[in-house]
Amino acid sequence: MSEPASISSGIAARYATALFELAKDAKALKALEADAEALGAALEASADLREMIASPVISRDDQAAAIAALAKKMKLSELTANTLALMAAKRRLFVLAALVADLKARIAEEKGEVTAEVTSAAALSADQAKKLAATLKARVGKDVKLKVAVDESLIGGLVVKLGSTMIDTSVRSKLAALQNAMKEVG
């Protein structure tokens with residue numbers, strides 16, 4: 001990890017720890033989870049928001065006003081809104097994406113959940129997703145939340161990333177292995 005990325009993740013982790021602990025003490029983790037999901041979706045959907053929080057050209061006051069308006073419009077909890085206001089005042093909004101990711105991870109850990117990144121050649125049906133989640137739960141002993149993506153280049157099968165474990169049953173990887181085996185033969 002590069003030094004600036006390490007510094008950013010450290011800043012995000014400190015804010016996430018404080019926000020998580022305050023929400024936990026106030027028994028407001030459900031609201032914090034909703035806020036984290038909403039902020040994550042907003043960051044993903046809005047290039048303007050990403051530019052605003054990262055821009056050194058936008059003044060501290062303008063960033064604070066924009067983030068306060070956003071928090072009000074999104075109906076974020078008072079705790080989250082106050083944290084965002086503090087981050088704007090300290091010029092720390094540039095770590096917002098890392099903060100959201102950290103919060104989601106802390107909340108999932110608190111709930112005993114793990115997230116599995118699943119890439120499939122075609123969209124999974126609800127039944128397939130349910131069966132996959134149940135199979136993974138049996139393997140890891142925790143509730144598994146699926147983050148599903150589609151990549152048609154897999155041809156068929158799945159690629160599942162669960163923590164540091166990766167299971168690749170895609171046709172593409174099997175064809176690549178076969179191609180490598182054929183190269184070794186002749």
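**Exercise 1. The largest pocket**

Which helix gives the most to the lining of the largest pocket, and with how many residues?

*Solution.* The model is a predicted one, in which local features need pLDDT of at least 70 and side-chain atom pairs count only at pLDDT 80 or more, while totals for chains, interfaces and linings use all residues. Residues are numbered from 1 along each chain as its sequence is written, and side-chain values use heavy atoms, with hydrogens and water left out.

Start with the search itself: on a 1 Å grid over the protein atoms alone, a pocket is an open set of points with protein on both sides within 12 Å along at least five of seven lines, a cavity is a set of points where a 1.4 Å probe fits but cannot get out, and lining residues have an atom within 4 Å of a point. The largest pocket holds about 500 Å³ of space, a volume being the space filled by probe spheres set on the grid points, which are joined across faces, edges and corners. Its lining has 19 residues, and those closest to the centre of the largest pocket are Lys104, Ala105, Thr115, Lys145 and Lys147.

Next, sort the lining by element, where helices (H or I, at least four residues) and strands (E, at least two) are DSSP runs numbered from the N terminus. At least two residues of the pocket lining come from each of α2 (29-45), α6 (96-111), β1, β2 and β3. The helix asked for is α6, with 6 residues.

**Exercise 2. The largest cavity**

Determine which residues line the largest cavity, and which element gives the most to that lining.

*Solution.* Searching the whole structure for cavities of 30 Å³ or more yields 1, and the space in the largest cavity is about 40 Å³. Around the largest cavity stand Leu19, Leu32, Asp35, Ala36, Leu39, Thr80, Leu99, Val100 and Leu103. Both α2 and α6 supply at least two of these residues, and α2 gives the most, with 4 residues.

**Exercise 3. Strand pairing**

Establish how β1 is joined to β2 and to β3, and in which directions the strands run.

*Solution.* Two strands pair if DSSP finds at least two bridges between them. Strand β1 (residues 113-120) and strand β2 (residues 143-150) run parallel and are joined by 8 bridges, with Ala116 having Leu146 as its bridge partner in β2. Between β1 and strand β3 (residues 158-162), which run antiparallel, there are 5 bridges, and here Thr119 stands opposite Val159 of β3. Finally, β1, helix α7 (residues 126-140) and β2 form a right-handed β-α-β unit; right-handed says that, with the strands pointing away from the viewer, the path from the first strand over the helix to the second runs clockwise.

**Exercise 4. Thr83, Lys75 and Arg91**

Describe the surroundings of Thr83, and then the phi values of Lys75 and Arg91.

*Solution.* Thr83 belongs to helix α5 (residues 78-89) and is buried because its relative accessibility is 11%, given that buried means under 20% relative accessible area, exposed over 50% and partly exposed in between (1.4 Å probe, protein chains only). The side chain of Thr83 reaches the backbone oxygen of Leu79 at 2.9 Å. Leaving aside residues up to four places away in sequence, Thr83 touches Tyr15 and Leu19, contact meaning heavy atoms within 4.5 Å.

For the backbone, recall that most residues other than glycine have a negative phi. Lys75, in the loop between α4 (60-73) and α5, has a positive phi near 55° and is exposed at 73% relative accessibility. Arg91, in the loop between α5 and α6, has a positive phi of about 60° and is partly exposed, with a relative accessible area of 23%.

Note on methods:
A polar contact is a pair of N or O atoms within 3.5 Å; within protein, one must be able to donate a hydrogen and the other to accept it, and residues adjacent in sequence count only if both atoms are side-chain atoms.
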